[in-house]
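Visitor: I would like to go through this structure with you and ask how each label is earned. Shall we begin?

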Amino acid sequence: MKPFVLNLIPLVAASLCSAALDPAALRQAATYSREHRGTSFLVIQNGKTLLEEYHRDGSAETPQRIYSGTKAFWNLAALAAMEDGLLSLDEPVANTIASWREDPRKSRVTIRQLLDFSAGLAPGFGMQVNDYDDRDRTALRLPIVAEPGRAFIYGPSCLQVFHQVLKQKLGDRSPSDYLERRVLRRLHLGPQRYLKDRAGNPLLAAGFVLTAKQWSKIGQLVLDHGRPVVRPESLEQSWRGSKANPAFSLGWWNNQAAPGGREFDFEDMLVPKWERQDWHNPCLCRDAPRDLVACIGSGYQRLFVIPSLNLIVVRQGAGGHMSDAHLLRLLLGK
């Protein structure tokens, strides 16, 4: 698969990157979000806040759960660990996890496949409950239910295996401490809500609680090509996608199949069991730029970033249902 390089912007789009969005379009998008139980809506373009609204007793200082938006931060830690020489994304997990060496399929799984959810590992959704015994131990013992690299299986298990890999690579340092020192502090964020189990393992798939402005910091990192956390060539690993799901990689969803891709609700597609999901040629919005990337959290928590428009959009909500594609069309005046 040819890598999708997010910072190679077509000349036409680049010439328009400083043009501000239509204020009327912004208001329409904000109204749509609010009418679908939106609690915060933040639009930043060219470093300037164009719109900022809070509803349902929310405020700029009210942090909210971002659910699976948490994944992108831990994946940044993976890229930082790669830069620090601790690991290679394409090395076998079994190089570190001895118990995987005798299994003919587990022995072929790479760290990248864990982070792309294409390892074939059973999803392990039960690990997301509070007061769990030992998530890492459970994840390591789960079976491989599909050939590595062949299926997209979204769930907490792969990231918990990665946590154990990173833990062994770090030795005396904990992965949470590494995340805080190497990623969060550079983004001017403090320690987070880790939802630790009884063995002290954080839940990597979810847990963070951020304000809209705090969440926008990782959006600014995308616009700054990874700085101040990782180099541009490292961050570009996040836009590759995989054969199992070309719209997902390292915690980020992409729109690279636009304008001709299959437009559908990604959050809805994650509801059925993995065998019944269809990730063929997916796109978030056919009318949005191809370089759109997104963090997606349950209940329509969203961080959208469009580098060609120098644009960051944060949408947080209190449940309900909405259409990403419709929201984006309203926002972009399509």
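Guide: Gladly, and please keep in mind that this is a predicted model. Let us start with Thr110: leaving aside its neighbours within four places in sequence, Thr110 is in contact with Leu89, Asp90, Glu91, Pro92 and Val93.

Visitor: What makes these count as contacts of Thr110?

Guide: The word contact requires heavy atoms within 4.5 Å, and Leu89, Asp90, Glu91, Pro92 and Val93 are the residues listed for Thr110 on that basis. Thr110 itself lies in the loop between helix 3 and helix 4 (111–115).

Visitor: Is Thr110 buried or exposed, and how do you know?

Guide: Thr110 has a relative accessible area of 15%. Buried means under 20%, so Thr110 is buried.

Visitor: Why is the packing of helix 3 and helix 8 called oblique?

Guide: The axes of helix 3 (residues 70–83) and helix 8 come within 11 Å and cross at roughly 45°. Angles under 35 degrees would count as roughly parallel, and 65 to 115 as roughly perpendicular. The value for this pair falls in neither range, so helix 3 and helix 8 are oblique to each other. The crossing is left-handed.

Visitor: Which residues meet there, and what makes them nonpolar, polar or charged?

Guide: From helix 3 come Ala72, Phe73 and Leu76, which meet Trp215, Ile218 and Leu221 of helix 8. By class, that contact has 6 nonpolar residues, with no polar and no charged ones. Ala, Phe, Leu, Trp and Ile are among the types that count as nonpolar.

Visitor: What is notable about the phi angles of Arg37 and His188?

Guide: Most residues other than glycine have a negative phi. Arg37, however, has a positive phi of about 65°, and phi of His188 is near 60°. Arg37 sits in the loop between helix 2 (23–35) and strand 1 (38–45), while His188 belongs to the loop between helix 7 (175–184) and strand 4 (209–210).

Visitor: Why is Arg37 called partly exposed, and what is the label for His188?

Guide: Exposed means over 50%, and partly exposed lies between that and the 20% limit for buried. Arg37 is at 36%, so it counts as partly exposed. His188, at 68%, is exposed.

Visitor: Where are the cis peptide bonds at Pro228 and Pro259?

Guide: One joins Arg227 and Pro228, with omega about 10°, and Pro228 is in the loop between helix 8 (212–223) and helix 9 (232–235). Another joins Ala258 and Pro259, with omega about 5°; Pro259 is in the loop between strand 6 (252–254) and strand 7 (262–263).

Terms used:
Residues are numbered from 1 along each chain as its sequence is written. This is a predicted model: local features need pLDDT of at least 70, side-chain atom pairs count only at pLDDT 80 or more; totals for chains, interfaces and linings use all residues. Side-chain values use heavy atoms; hydrogens and water are left out. Helices (H or I, at least four residues) and strands (E, at least two) are DSSP runs, numbered from the N terminus. Buried means under 20% relative accessible area, exposed over 50%, partly exposed in between (1.4 Å probe, protein chains only). Axes are lines fitted to C-alpha atoms, for helices over the stretch in contact, and angles run from 0 to 180 degrees between N-to-C directions. Angles under 35 degrees count as roughly parallel, over 145 as roughly antiparallel, 65 to 115 as roughly perpendicular and the rest as oblique. A crossing is left-handed if the near helix is turned anticlockwise from the far one by less than a right angle, and right-handed if clockwise.
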